[in-house]
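Colleague: Got a minute to walk through this model with me? I'd like to start with the strand pairing and then wander a bit.

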Amino acid sequence: MADGEGDPGVFTATALPGDPRLLPTVTNAFLGTRVFRDILHAAGVYSGAAGDTHRADLPSPLGLRMAAPGARSPAESFTLNTWTGTFSHTIQSPGYTATHQLYAHHSLVHLMAFSITIRRLDGSTHPITVQLQSLFVQQSQDLHLTPGPDFQGAHYIYGQTLVPEVEGGPRPTVHMLWTPIPQWLTLGGEEQERCWQFLTAVAGSEEEAKRSYSAGLALLAAGSLLRSHIRAWAALRRGCSVELDGPPALRQALHGCLYYLLSALPPRDCPGVPFHGISPGGLSNGTRGEDYWGHVFWDQDTWMFPNILLLYPEAARAILQYRVRTLEGARRNAREQGYEGAKFPWESAATGWEVCPEEIYGAQEIHVTGDVLMAFEQYYCTTQDQKLFQEDGGWELVEAVAQYWCSRMVWSEEEQLYHIRGVMPPDEYHSQVDNSAYTNAVARRSLNFATDLARDLLLPVPEEWGDRARKIKVPFDEERKYHPEYDGYSPGEPVKQADVVLLGFPLMHPMSAEVRRNDLEMYEPVTDPAGPAMTWSMFAVGWLELKELQRAWSQLEKCFSNITEPFKVWAENSDGSGAVNFLTGMGGFLQVILFGFTGFRITRSGLLFDPAFPDDITKLEVSSVSYLGNKLEVTITREEIRMEVTETSQDPPASPLEAVLESGQCFPLWEGQSVSFPTAPGWIQRSPSRTP
């Protein structure tokens with residue numbers, strides 16, 4: 001998009017990026033591909049044992065390029081439309097246009113589709129032909145594929161992955177149906193316009209693949225396949241709408257992040273399909289050696305999850321259910337290392353067993369277990385969904401994590417505190433350190449949440465949970481008034497990425513504004529400028545908290561070196577290396593907007609707010625903040641905050657809410673009634689004087 005002109009949610013270019021990794025992705029919760037690529041991936045379908053397990057490559061009927069034979073250098077354009085969830089390639093030749101449009105159907109998650117449309121622009125009557133250059137080969141390095149009989153005009157192959165993730169474990173089966181793709185398409189001399197439609201259905205069973213393909217054909221016959229996708233996608237975008245008045249590059253980045261992250265989530269009307277988690281590169285990447293092989297990290301729970309929770313709690317619940325389903329694998333990880341309870345893997349695939357190819361991370365980067373539990377705590381505080389914990393396995397997970405932390409700690413007679421020794425903190429430049437401030441603080445938070453939840457559920461609380469939470473060491477330098485990253489950290493030592501700054505947010509570890517500032521001042525200059533993208537977001541949130549708006553903006557601007565043109569695909573590192581499309585960086589960026597600019601903080605007693613904008617931003621509107629069964633539209637300017645409950649759940653009934661300012665003013669929030677007050681700190685809470 002030239003000079004930021006036009007619609008900030010539509011990215012158009014006349015040429016593709018030179019690096020094919022930077023092509024846009026087209027995904028839904030179950031299927032994904034990068035445009036013009038010869039492979040696609042299906043959620044949960046991994047091949048390879050343990051540290052070799054990776055997303056299985058499926059051959060993609062969608063990987064093709066359209067060409068205009070005989071045309072001399074026709075004008076081409078490529079457009080990613082984040083409003084419709086579609087990618088298109090258009091060739092403009094003298095006398096006609098040809099458009100190739102691709103999408104992953106948002107509500108029929110086993111279906112991807114593309115169309116080719118040729119439209120005559122003049123009064124000529126000669127046939128117009130375009131060539132389809134397909135990359136499709138019916139074989140895979142990860143599955144043994146067998147052809148089956150054609151079905152309703154579709155070709156059919158099926159097969160199993162070659163190597164199970166765990167010895168003796170299941171090998172996922174894949175069934176694929178696709179519309180045969182000719183080499184040429186011709187618009188007849190008597191035709192003005194014609195559209196050809198092509199479907200690809202992929203599922204774990206023959207029955208589901210055929211059902212999805214048939215559903216796609218029926219919608220095609222009714223002329224509504226694309227429309228049904230756009231309608232489902234638009235409903236999701238409306239329900240997760242974030243708009244700001246500010247610099248065009250910031251608005252484009254916001255829409256790009258929302259498109260890529262929301263593409264990874266299950267649709268609202270698909271509760272029966274199990275969700276398989278979100279990897280740093282999304283579902284479009286993760287073949288062997290690429291983008292962490294499609295594994296799920298703390299990136300999902302810490303960096304992406306808070307945004308999803310605020311906008312779309314049903315999808316947040318599906319993410320937590322992925323962790324519940326892999327709890328037995330986490331128990332096994334703990335046993336193998338000699339501990340009790342459950343230790344979530346640094347890298348997770350289908351089973352929850354540790355699948356990180358390098359042993360050091362699985363052995364030492366144990367903060368991931370607390371990160372998982374923090375997502376459960378944020379969800380509980382935001383939804384009060386006790387069913388997840390009482391009936392759907394959540395409590396067993398919370399209890400197992402608490403047991404793990406208790407068994408992982410050792411008592412120091414000298415300090416009269418509990419220590420956690422031999423870990424790698426989020427800063428991966430250091431390993432085998434004792435008492436990582438972040439690791440120990442997140443362990444304390446796990447134990448406190450387990451204690452609070454047990455009381456809410458009227459369950460017995462082991463005394464050791466509270467005792468260890470109170471007595472675990474979180475390193476603090478009394479002289480310099482800051483948190484050393486670990487025992488023995490020397491000021492000035494280089495740090496790879498956001499670590500101690502995460503104590504302030506999202507951990508909300510108790511500290512004064514002076515200490516918060518000192519932590520930011522200490523670690524900002526020593527953090528590797530080539531570190532991963534999400535880091536600068538957390539410095540930005542910290543400076544916004546302290547109302548240092550220019551410093552916040554300078555940190556946020558660093559994110560822009562990770563956003564590649566023209567399709568706003570994020571690279572993990574500013575030099576373009578690392579994972580793409582890096583949803584983790586996007587998650588951090590969205591947290592600046594949804595938690596930094598608003599000051600939202602999820603607590604047990606309420607949803608705090610304390611807005612702060614950099615100078616170039618004048619207004620932020622979040623149309624669907626979810627809290628205790630209510631949807632709120634929140635509009636913030638420098639002068640005023642306006643809130644309105646736009647929707648309330650009936651089953652279970654939503655809690656009536658009120659907004660309370662620090663000054664003591666109270667504003668009941670009634671459905672359909674907008675309230676406004678001067679921009680100031682406060683919180684949203686359950687109204688004590690009204691019952692649902």
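Colleague: Which residue of S18 stands opposite Thr117?

Modeller: That would be Cys195. The two strands concerned are S12 (residues 111–120) and S18 (residues 193–203), which run antiparallel and are joined by nine bridges. Helices (H or I, at least four residues) and strands (E, at least two) are DSSP runs, numbered from the N terminus, and two strands pair if DSSP finds at least two bridges between them.

Colleague: Before I go on, what am I looking at?

Modeller: A predicted model, where local features need pLDDT of at least 70 and side-chain atom pairs count only at pLDDT 80 or more, while totals for chains, interfaces and linings use all residues. Residues are numbered from 1 along each chain as its sequence is written, and side-chain values use heavy atoms, with hydrogens and water left out.

Colleague: Good. What other strand is joined to S18, and by how many bridges?

Modeller: Strand S16 (residues 173–178) is joined to S18 by four bridges, again antiparallel. There, Trp178 faces Thr200 of S18.

Colleague: And towards the N terminus, what does S9 pair with?

Modeller: S9 (residues 75–81) pairs with strand S1 (residues 10–13) in the antiparallel sense over four bridges, with Thr12 and Thr79 as bridge partners. S9 also pairs with S10 (residues 86–93), antiparallel over seven bridges, and Ala75 is matched with Gln92 there.

Colleague: How many residues sit between S9 and S10?

Modeller: Four, which makes the two strands a hairpin, and Gly85 in the turn has a positive phi of about 65 degrees.

Colleague: Which residue other than glycine has a positive phi?

Modeller: Phe36 is one of them, with phi near 65 degrees. Phe36 lies in the loop between strand S3 (31–34) and strand S4 (39–42). Most residues other than glycine have a negative phi, and most peptide bonds are trans.

Colleague: So where are the cis bonds?

Modeller: One is the bond from Phe505 to Pro506, with omega near 15 degrees; Pro506 is in the loop between helix H12 (463–471) and helix H13 (513–523). Another joins Val580 and Asn581, where omega is about -15 degrees. Asn581 falls in the loop between strand S23 (569–570) and helix H16 (583–597).

Colleague: Switching topic: how big is the largest pocket?

Modeller: Its volume is about 1200 Å³. A pocket here is an open set of points on a 1 Å grid over the protein atoms alone, where a 1.4 Å probe fits and protein lies on both sides within 12 Å along at least five of seven lines; lining residues have an atom within 4 Å of a point. The volume is the space filled by probe spheres set on the points, which are joined across faces, edges and corners.

Colleague: Which lining residues are closest to the centre?

Modeller: Of the 42 that line the pocket, Pro313, Glu314, Arg317, Tyr379 and Asp385. Helix H5 gives the largest share of the lining, seven residues. H5 (313–325), helix H8 (367–383) and strands S26 (619–627), S27 (630–637) and S28 (640–648) each supply at least two lining residues.

Colleague: What's the mix by class?

Modeller: There are 17 nonpolar, 15 polar and ten charged residues in that lining. Ala, Val, Leu, Ile, Met, Phe, Trp, Tyr, Cys and Pro count as nonpolar, Asp, Glu, Lys and Arg as charged, and the others, Gly among them, as polar.

Colleague: What order do the strands take in the sheet with S26, S27 and S28?

Modeller: It's an open, antiparallel sheet of five, ordered S19-S26-S27-S28-S31. Strands S19 (242–245) and S31 (674–678) are at the edges with a single partner strand each, so one side of each has no neighbour in the sheet. S28 is joined to S31 by five antiparallel bridges, and Glu640 is opposite Pro678 in S31.

Colleague: Where does the other open sheet of five put its edges?

Modeller: That one runs S24-S25-S32-S29-S30, with antiparallel pairing. Strands S24 (601–602) and S30 (666–669) are its edges, each with a single partner. S29 (residues 657–661) pairs with S30 over four bridges, and Ala659 has Phe667 as its bridge partner.
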